[in-house]
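Me: I have a structure to go through. Can we start with the pockets and then move to the sheet?

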Amino acid sequence: MNAITEPRLHTLPNGFRVVTEHMPGLESASVGIWVSAGGRHERLGQNGIAHFLEHMAFKGTKRRNALQIAEAIEDVGGYINAYTSREVTAYYARVLKEDVALGLDVIADILRNPIFDPNEIEVERGVILQEIGQSLDTPDDVVFDWLQEAAYPDQPIGRTILGPTERVSSFSRDDLSGFVSEHYGPGQLILSAAGAVDHDEIVRMAEDLFGDMAARPALVAEPAKFVSGERREIKDLEQAHFTLALEAPGYRDDAFYTAQIFASTFGGGMSSRLFQEAREKRGLCYSIFAQIGSYSDTGMMTVYAGTSGDDIAGLADLTVDELKRAADDLGTAEVDRARAQMKAGLLMGLESPSSRAERLARLVGIWGRVPALAETVAKIDAVDVAQVRAFAAQMASGGAPAMALYGPVSKARDLDSLAGKLAA
């Protein structure tokens, strides 16, 4: 095993990319395939199929049945899983260093040789319908799906990842195979490995497992357009769930790090303005936070709070007031604290091979390279108070928000009222 600790990137002739980082002293590794296809790559009639496909990957191949897939990894003490987001589907395993080849072989098998057995499709359809039902019964899950739809109506990026029940109930074997044919070409696949790995060995494995795939053009996702909108569902629940969104930068935007630092000062932790004002000083809620969710071409800053039906109007007013106030008096200490939190989160994440493998894949997907850690830290350090204040002012005056409300929300402000308060 070599002692290289910098990320290394290699592209096979067919466009398949391999990125690795050796982490000295580790006895295990995280390996996986990140596919540049998720919920926003689906057509309307396909909504939910990327997630369905992720489930079906573990239900049998030409070489292994579902139990054998699980046993192959768990017999050596490993762990295998997958997830679907709006822009990516990932299949990954954590194994000991001597089992890296096995882990990659299993992942390659489930990606390249799925049989999509009709009986297994029906079984997994039932599992996913149960997952959808569970999500619909979880207010602080479903309200975020509604907010996404309100912000990006009639767009792939605004639809739920799980998909609606009626779509999931109708997907066929041909539908699954068709999505693979459209989106799982070698140019859309990134093999990422971190931990006790050797780059040259991983590249040789990639050539054996994926080198024969024929290159094909990628289908481009529909551009996203943030739109102001509201969804309000009144229901007899214990808490009123309030979410508010404003358009924010995407991953490739120069303001990305400024946005992240502002969100941290505004609602990123116990010392943030929203937490201190809404919870600690006024007792309006138990949970409140702000975060930035970014995509390749757009993003949104989201505020969430769970409160009482009587307090929801006051909490919404407070959120807008704090946003406007931040543009005027956000301080150096707050920005310094947020900058430190962001750097610490980045560096702590690098101690985990799983987090590091995911970061490598994400950076290659965004930039086509892995920027040096020093480059990223320098961008975080370059953000100053004036930039964060200016970003806060932009958030407060940059356009009408989107909003989703669920529970005893009859006393909540309407969207026009909050938008007017922002613009005032």
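Me: What volume does the largest pocket have?
Reply: About 1,300 Å³. A pocket here is an open set of points on a 1 Å grid over the protein atoms alone, where a 1.4 Å probe fits and protein lies on both sides within 12 Å along at least five of seven lines. The volume is the space filled by probe spheres set on the points, which are joined across faces, edges and corners.

Me: Which residues are closest to its centre?
Reply: Ser 85, Arg 86, Glu 87, Val 88 and Tyr 295, out of 46 that line the largest pocket. Lining residues have an atom within 4 Å of a point.

Me: Where do these coordinates and numbers come from?
Reply: The model is predicted: local features need pLDDT of at least 70 and side-chain atom pairs pLDDT 80 or more, while totals for chains, interfaces and linings use all residues. Residues are numbered from 1 along each chain as its sequence is written, and side-chain values use heavy atoms, without hydrogens and water.

Me: How many residues of each class are in the lining of the largest pocket?
Reply: 19 nonpolar, 14 polar and 13 charged. Ala, Val, Leu, Ile, Met, Phe, Trp, Tyr, Cys and Pro count as nonpolar, Asp, Glu, Lys and Arg as charged, and the others, Gly among them, as polar.

Me: And the second largest pocket, what volume?
Reply: About 930 Å³. Its lining has 32 residues, with Phe 256, Tyr 257, Gln 260, Met 342 and Arg 362 nearest the centre.

Me: Which element gives the largest share of that lining?
Reply: α9, with six residues. Helices (H or I, at least four residues) and strands (E, at least two) are DSSP runs, numbered from the N terminus.

Me: Now the sheet. What is the strand order?
Reply: β1-β2-β6-β3-β5-β4, an open sheet of six strands with mixed pairing. Strands pair if DSSP finds at least two bridges between them. The edge strands are β1 (8–11) and β4 (79–84), each pairing on one side only.

Me: How does β6 run relative to β3, parallel or antiparallel?
Reply: Antiparallel, with seven bridges; Gly 32 stands opposite Ser 192 in β6. With β2, β6 runs parallel, joined by six bridges, and there His 22 has Gly 195 as its bridge partner.

Me: Is β6 buried or exposed?
Reply: Seven of its seven residues are buried, meaning under 20% relative accessible area with a 1.4 Å probe, protein chains only. One face has Leu 189, Leu 191, Ala 193 and Gly 195, the other Ile 190, Ser 192 and Ala 194.

Terms used: Buried < 20%, exposed > 50% of the residue type's maximum accessible area, 1.4 Å probe, protein only.
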